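Here are some short exercises to work through with the model open beside you. Try each task first, then follow the solution step by step.

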Amino acid sequence: IVSINISGQLLQQMTGAQVKITEQPFLVSNAQHLNQIVWTMIGNTIKESIYCVSEAPVSQLRFVCLDCEQKNITDMVPALNSAQDLTRSAGFPTVVLKLSTVNANWTGATVVCQAALNGGTVDSAPATVDVRYLRQPHVVDTSGQGPVLIPSQGYRFYVECQRGADGFCSQSGRRKTLRCNVQSHPPATTFRWLKNGVATSGNGAEITIGTEMIGHSLQCTANNGLYSDIEMPTSQAVQIDPYSTARIVQDNFQSVQQLAPFQAGNRIEMNNEVTLQCVVEGNPRPVVYWKLRRNNGQIVDAPCPQGYEGNYQEVPVNTLGGLQSSVMRLKSTCTMRVSNYSFSGQYWCSACSVVSQGQPECSPSLDTPGSSVLNMQVQGAPMQSDAPITIEQMPNNNNAIISVHYCAEPVPRPPREIVFNIDQNDIQVGQRWENFRFESNVQNSTVGNCFLARLQIAPVREQDQDRNIYLKVQNQFGTKQIPVSLDSLLGGGSVLSSRLSGWWWVLIGLAILALACCCLFGICARMKLCCFNESNKLIIRQYHANLTCFSVNVRSTLYGDDLPPRLYHQHQVLPSSSEKAPSQRSPSVQEGLNYAEMRLADRAPEVASSSSMRITAPPPMSMLSSGPPTVISARTTTQPHPSVVNSVV
């Protein structure tokens, strides 16, 4: 920012160009630069317009915020960019900024007007933003809480009313201090209080009232100099009513504990229904909160409808005075079914008055029971506790301790009523089976009827994750089996995952192989390769046709016993069908074979290293029935060998 200002000032000194932020669109030589930009919000409107003027040859005037990013002001930059260009109508470079709304957090931001000149920029002197406003005031109490909004009746504040024997409020009750709360800049300095619309004495921001204001309305006005005396913003009217502290008139706790299903010692079996009632009175209309202090001292909401959601029935009140009728008496009912051990504890009800938007005023306190309470001790079959099963692994070895939480009343009696079962093998407290040991069974330190069973595993083995383990607890009301999954406690099924990983690899490999075969098949079909080649298909069809037309008879004996061996260059023509014995039936098509014979003797070569070999090939199809065999000559190199090789072509 400093470097930009210095460069802009140097360019301005060199060119003599001026840029100013003004209240009116005057020539830059006659205009007075504003060091402070004031925006005043009257209601929801802004009455000020801000101008930026300069002189030729500058152009592209615009407003720029120098420290909005530093002050985390995000909505000011779009507002500054909405400035309108008035250069054509004014006759010199001019822009105007007319805003419909501004934000109070803009106060303190630094703004300049920037112009383009000769490829650079010229900045005006900085101006500080000051947003002035005054919002509608509100009447609040000393803690900053507003009045209570009652549907169809409006806002209400309450003054304590201590009734005498005649039923009227006495003047000795506590007085209430109210304050006129208003958001403004600069801060409001003038306040005025109105009783039933008429100004009262006192101009301070606070007022103290008592029973004399009961039945009247109260308002306040405030000003910080932005409004005239007759236009000062005024708060909403607040009605002042008598406040009679909510209190409990009676309850049915003692009578309920003396009747069924309660037993001696405040005990009650599960799945029974209990109905509690409290009668309360007060003004404004009281509400009831039901509370439970468990055996571990924890205070929670009882399983009953609370506050405005409760079940209420109005009870008539004897009228003793003119204001006595404003006190309301209600009977609140709480019906609950005892379903588990969390219902055990101490119950009470609190009568509360909502006299402001803050926390209600209750008697007795929501944190401390009063003199009348109901004690309940639930008994029944064992149940698993809300606490999850935990595992504690030893850092220096491969041992672990499993902790299983359960609740039971009456308490299970060891050793037979509480056992760990491991693969159908029961172990009692202190016993061991293989690497498992039932270490202990201790009472929970925070919950009276809950316990903790500890199973030690020393050492932890891989096969332990597949074992079937559960804690079996029983008493006179029933039995409960709590399963223990070592697979999830010791690593979330990692062993099973490793076992399955091999099969997954096999399946993946088969899938890849099948995909490759399909791709190869498609490529061959597309490029007409292998069996998809037309020439190969033609050869195969010709071969099958030849097999169909011809059948080859190969005699098992090449020579008869009475014929001497012949040299390899001699050949024999098979007799024709006419020379065969009459008993032999020749096939429909004449067949024949030519033989090539080679005899290598155990003697050194005599003349030449090469000789001629005559190979008799099958005759063409037109020559099978008659004609001499075809002889193919080839030059081969013969080597002496002690054996005779017969080749059939």
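**Exercise 1. Decide whether Glu-273 is buried, partly exposed or exposed, then describe its salt bridge.**

Solution.
- Step 1: In this predicted model, Glu-273 has a relative accessible area of 47%. Buried means under 20% and exposed over 50%, so Glu-273 counts as partly exposed.
- Step 2: Glu-273 forms a salt bridge with Arg-337, and their closest N and O atoms are 3.9 Å apart.
- Step 3: Arg-337 belongs to strand E26 (residues 328-337) and Glu-273 to strand E22, so this pair ties together parts that are 64 residues apart in sequence.
- Step 4: Arg-337 is partly exposed too, with a relative accessible area of 47%.

**Exercise 2. Find the salt bridge between Arg-247 and Glu-281, and work out which parts of the chain the pair links.**

Solution.
- Step 1: The two side chains meet at 2.6 Å, N to O.
- Step 2: Arg-247 sits in strand E20 (residues 238-251) and Glu-281 in strand E22 (residues 273-283); the pair links distant parts of the chain, 34 residues apart.
- Step 3: Now look at accessibility. Arg-247 is partly exposed at 42%, whereas Glu-281 is buried at 10%.
- Step 4: For another pair, turn to Asp-130 and Arg-132, whose closest N and O atoms are 3.0 Å apart in a salt bridge. Asp-130 is buried, with a relative accessible area of 8%, while Arg-132 is partly exposed at 30%.
- Step 5: To place these pairs in context, note that the structure holds 18 salt bridges.

**Exercise 3. Explain why strand E32 (residues 418-422) can be called largely enclosed, and find its partner strands.**

Solution.
- Step 1: Five of the five residues of E32 are buried, so the rest of the structure largely encloses this strand.
- Step 2: Check the directions of the side chains. Ile-418, Phe-420 and Ile-422 point one way, Val-419 and Asn-421 the other. In a regular strand, side chains alternate between the two faces of the sheet.
- Step 3: On to the pairing. E32 pairs with strand E37 (residues 469-475) in the antiparallel sense over five bridges, and Val-419 has Lys-472 as its bridge partner there.
- Step 4: E32 also runs antiparallel to strand E33 (residues 425-427), joined by three bridges. Here Ile-422 is the bridge partner of Asn-425.
- Step 5: E32 and E33 make a hairpin with two residues between them, and Asp-423 in the turn has a positive phi of about 50 degrees.

**Exercise 4. Which residues have the most contacts inside the largest nonpolar core, and which strand gives the most to this core?**

Solution.
- Step 1: The core has 54 residues, and those with the most contacts inside it are Leu-276, Trp-290, Tyr-347, Met-376, Tyr-406, Phe-420 and Leu-471.
- Step 2: Strand E31 (residues 400-409) gives the most, with six residues.
- Step 3: A second, separate core of 34 residues includes Ile-37, Leu-61, Val-95 and Cys-113.
- Step 4: Return to Leu-471 and look at its neighbours: it touches several residues beyond four places away in sequence, including Val-404, Tyr-406, Ile-418 and Phe-420.

**Exercise 5. Is Val-53 buried or exposed, and what does it touch?**

Solution.
- Step 1: Val-53 is found in strand E4 (residues 49-54).
- Step 2: Its relative accessibility is 0%, so Val-53 counts as buried.
- Step 3: Among the residues Val-53 touches are Val-19, Phe-26, Ala-31, Leu-61 and Phe-92.
- Step 4: Val-53 and Ala-31 are 22 residues apart in sequence, with their C-alpha atoms 8.2 Å apart in space.

Note on methods: Residues numbered from 1 in each chain as written. Predicted model: local features only at pLDDT ≥ 70, side-chain atom pairs only at ≥ 80, totals over all residues. Heavy atoms only, no water. Buried < 20%, exposed > 50% of the residue type's maximum accessible area, 1.4 Å probe, protein only. Helix = DSSP H or I, 4+ residues; strand = E, 2+ residues; numbered from the N terminus. Pairing = 2+ DSSP bridges. Contact = heavy atoms within 4.5 Å. Core = buried A, V, L, I, M, F, W, Y, C linked by side-chain atoms within 4.5 Å. Salt bridge = Lys/Arg side-chain N within 4 Å of Asp/Glu carboxyl O.
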